Amino acid sequence: MASHLLRQPRWVLVAVAPALLFLSLVVPFSAAKLTTGYYRKSCPRVEQIVSDVVTNKQISSPTTAAGALRLFFHDCFVGGCDASVLVSTNAFNRAERDADINLSLPGDAFDAVVRAKTALELQCPGTVSCADILALATRDLVSMLGGPFYAVPLGRKDGLASHAASVEGNLPRPNMTMDAMIALFAAKGFTEQEMVALAGAHTVGFSHCKEFAARIFRYKAGEPSAFDPSMDPRFAQALQKACSKYLEDDTIATFNDVMTPGKFDNMYYLNLKRGLGLLASDHALVADRRTKPLVDLYAANQSAFFRDFSRAMLKLGLVGVKTGRKGEVRRRCHDFNNLST
């Protein structure tokens with residue numbers, strides 16, 4: 001595993017005063033080949049094995065769940081859910097995981113998939129794809145943190161290509177405008193409601209200071225301590241203190257949700273309404289008239305959030321899937337079976 005992926009963020013805590021779903025969708029033909037019973041005969045214990053491995057990983061490394069969510073999203077939005085983000089750069093190719101925006105993907109998330117793959121290769125060699133493992137691991141880890149449990153159709157094949165150059169323009173950036181975000185998600189087939197529901201993944205995980213520094217330092221030219229006035233002042237000042245040395249240490253990070261950082265809930269949306277959103281793209285959701293009603297809905301109704309998040313995650317897991325001869329089942333998740341690929 002590349003060394004930059006093993007670097008853990010230096011945590012700074014910021015204090016601020018005080019179901020199982022089966023869903024039907026209209027899907028592309030390749031995705032329609034997926035089924036929850038795909039491994040019923042070839043590897044009947046696949047879900048239990050993945051669950052056991054990632055549960056142990058989450059217990060030992062509590063950042064794993066949030067990392068897996070981000071890894072899954074970054075995989076699916078670039079060329080489809082085909083585990084291409086797991087591939088390592090080799091002599092023939094610079095892979096997706098070495099694109100600038102992917103350099104901060106947590107090593108624990110990669111490790112969880114590798115461990116599950118190793119366990120499955122012992123039980124069912126050459127059978128379960130890394131793409132399916134990542135989809136299952138993400139679902140299980142979300143559930144483990146208190147989030148919804150949803151059915152995951154299986155049968156994805158692992159992709160045969162992974163190029164760093166294909167990443168740019170396919171993933172949202174922290175300072176994107178709402179127009180740009182809506183356009184990006186629409187290009188992938190997602191509605192504004194699905195975009196807002198998927199943004200709820202920020203209820204767990206962390207962001208590095210450099211990703212929101214423009215909101216808390218020099219928001220007004222010539223004023224070093226000026227911060228975005230839409231932020232709660234105590235929150236902004238606490239972030240300034242926490243991130244004061246971020247230019248010297250780019251690993252400094254803070255939780256996306258400072259209220260319940262280890263729990264998958266609807267607190268993210270409540271935080272947005274209170275001026276406790278971390279990224280500019282987070283705040284844009286509550287500031288824009290097109291998305292604010294959805295933020296209000298999810299802040300008031302966690303069940304609605306869980307329902308819509310589950311549906312959006314199911315849809316996300318069907319983006320650009322490879323089946324049949326359009327992919328392979330990798331022997332090792334970080335290498336193509338043919339290294340010259």
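**Helix α4 and the internal cavities**

The buried residues of α4 (buried: under 20% relative accessible area with a 1.4 Å probe, protein chains only) are T64, A65, A66, G67, A68, L69, L71, F72, F73, H74, D75 and C76. Twelve of the 13 residues of α4 are thus counted as buried, and the helix is mostly covered. The model is predicted, with local features requiring pLDDT of at least 70 and side-chain atom pairs pLDDT 80 or more, while totals for chains, interfaces and linings use all residues. Residues are numbered from 1 along each chain as its sequence is written, and side-chain values use heavy atoms, without hydrogens or water.

Helix α4 (a DSSP run of H or I of at least four residues, numbered from the N terminus) comprises residues 64–76 and reaches 18 Å from its first C-alpha to its last, close to the expected 18 Å at 1.5 Å a residue. The expected span is 1.5 Å times one less than the number of residues. The cover over its buried residues includes α3 (46–60), α5 (107–123), α6 (130–144), α7 (178–187) and α14 (302–316).

F72 of α4 also belongs to the lining of the largest cavity, together with A135, Y150, A151, V152, P153, R156, M313, L314 and G317. A cavity is a set of points on a 1 Å grid over the protein atoms alone where a 1.4 Å probe fits but cannot get out, and lining residues have an atom within 4 Å of a point. The largest cavity holds about 70 Å³ of space. The second largest cavity, of about 30 Å³, is lined by R215, S230, L272, G275, L276, G277, H283 and V286.

Key:
On a 1 Å grid over the protein atoms alone, a cavity is a set of points where a 1.4 Å probe fits but cannot get out, and a pocket is an open set with protein on both sides within 12 Å along at least five of seven lines; lining residues have an atom within 4 Å of a point. Grid points are joined across faces, edges and corners, and a volume is the space filled by probe spheres set on the points. Helices (H or I, at least four residues) and strands (E, at least two) are DSSP runs, numbered from the N terminus. Buried means under 20% relative accessible area, exposed over 50%, partly exposed in between (1.4 Å probe, protein chains only). Contact means heavy atoms within 4.5 Å.
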